[in-house]
Amino acid sequence: MDVSKWMLNIAVEREVEGDLLYADMGKGFGFRPGSFDGAISISALQWLCTAETKLDNPIKRIHRFFESLYRVLVRGGRCALQFYPHNADQIELLTNAALKCGFTGGLIVDYPHSTKAKKYFLMLNAGFSEEMSKALVLPKGIEDDDEEKVDVVDKRVKKYGKGKKDRSDFKSRDWIMKKKERARLQGKSIKTDSKYTGRRRPAAL
């Protein structure tokens with residue numbers, strides 16, 4: 001399955017095995033329930049987080065993808081989804097959507113300390129599994145040379161003690177930029193960034 005006719009034509013020229021299907025995975029799968037034992041995706045999942053047109057809603061497309069994928073897999077069926085997330089928010093968005101649709105499983109990072117060779121894999125199970133019953137979690141200590149540290153676990157627990165939250169960065173430029181980025185991932189219309197974004201106004205006289 002591919003949304004690109006050009007890529008499908010290359011597959012035909014190379015005489016790949018199996019059937020080819022021209023379709024958009026963000027619109028779901030029209031197969032009968034329990035049609036497949038497993039599924040594999042390579043470098044495609046991250047594109048569900050972007051809106052190609054004004055009508056596209058990334059949140060709805062991601063939910064439709066995981067919901068229909070869960071339906072067409074047999075109970076206990078497995079899938080391996082390799083992807084390249086833009087940031088930690090996309091990882092959390094995709095993993096939470098998978099959990100809500102009934103999947104269990106985990107996130108595996110291949111070559112975690114390499115900038116060029118690093119790859120992310122969502123290893124999912126359609127239904128309960130003793131081996132894959134834990135929540136989707138990133139291994140601790142994984143860091144990217146150029147990006148922020150990615151650790152989904154830290155986003156699910158309180159990090160600052162007995163219910164107290166660190167509000168030192170509230171409405172700072174970084175706080176505003178992250179909030180705008182999350183809104184863009186949700187398909188909302190957000191004003192473009194400028195040198196004035198996050199700048200504090202002088203106190204009124």
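This is a short tour of a predicted model, moving from its sheet to a helix and then to a nonpolar core.

Residues are numbered from 1 along each chain as its sequence is written. Local features need pLDDT of at least 70, side-chain atom pairs count only at pLDDT 80 or more, totals for chains, interfaces and linings use all residues, and side-chain values use heavy atoms, without hydrogens or water.

**Stop 1: the sheet.** Select the four strands (DSSP E runs of at least two residues, numbered from the N terminus). They form an open, mixed sheet in the order β1-β2-β4-β3. Strands pair if DSSP finds at least two bridges between them. Colour β1 (36–42) and β3 (103–110): these are the edge strands, each pairing on one side only. From one strand to the next, the twist averages 10 degrees.

**Stop 2: β3 and β4.** Select residues 119–126, strand β4. It runs antiparallel to β3, and eight bridges join the two. Find Leu-107: opposite stands Leu-122 in β4.

**Stop 3: helix α2.** Select 58–72. Helices are DSSP H or I runs of at least four residues. Helix α2 packs on the sheet and touches β1, β2 (73–83), β3 and β4. Contact means heavy atoms within 4.5 Å. The direction of α2 makes about 135 degrees with that of β2 (axes are lines fitted to C-alpha atoms, for helices over the stretch in contact; angles run from 0 to 180 degrees between N-to-C directions).

**Stop 4: the core.** A nonpolar core is a set of buried (under 20% relative accessible area, 1.4 Å probe, protein chains only) Ala, Val, Leu, Ile, Met, Phe, Trp, Tyr and Cys residues joined through side-chain atoms within 4.5 Å. The largest has 29 residues; Leu-45, Phe-65, Phe-66 and Phe-103 touch the most other members. Helix α2 gives the most, six residues.

Terms used: Buried means under 20% relative accessible area, exposed over 50%, partly exposed in between (1.4 Å probe, protein chains only).
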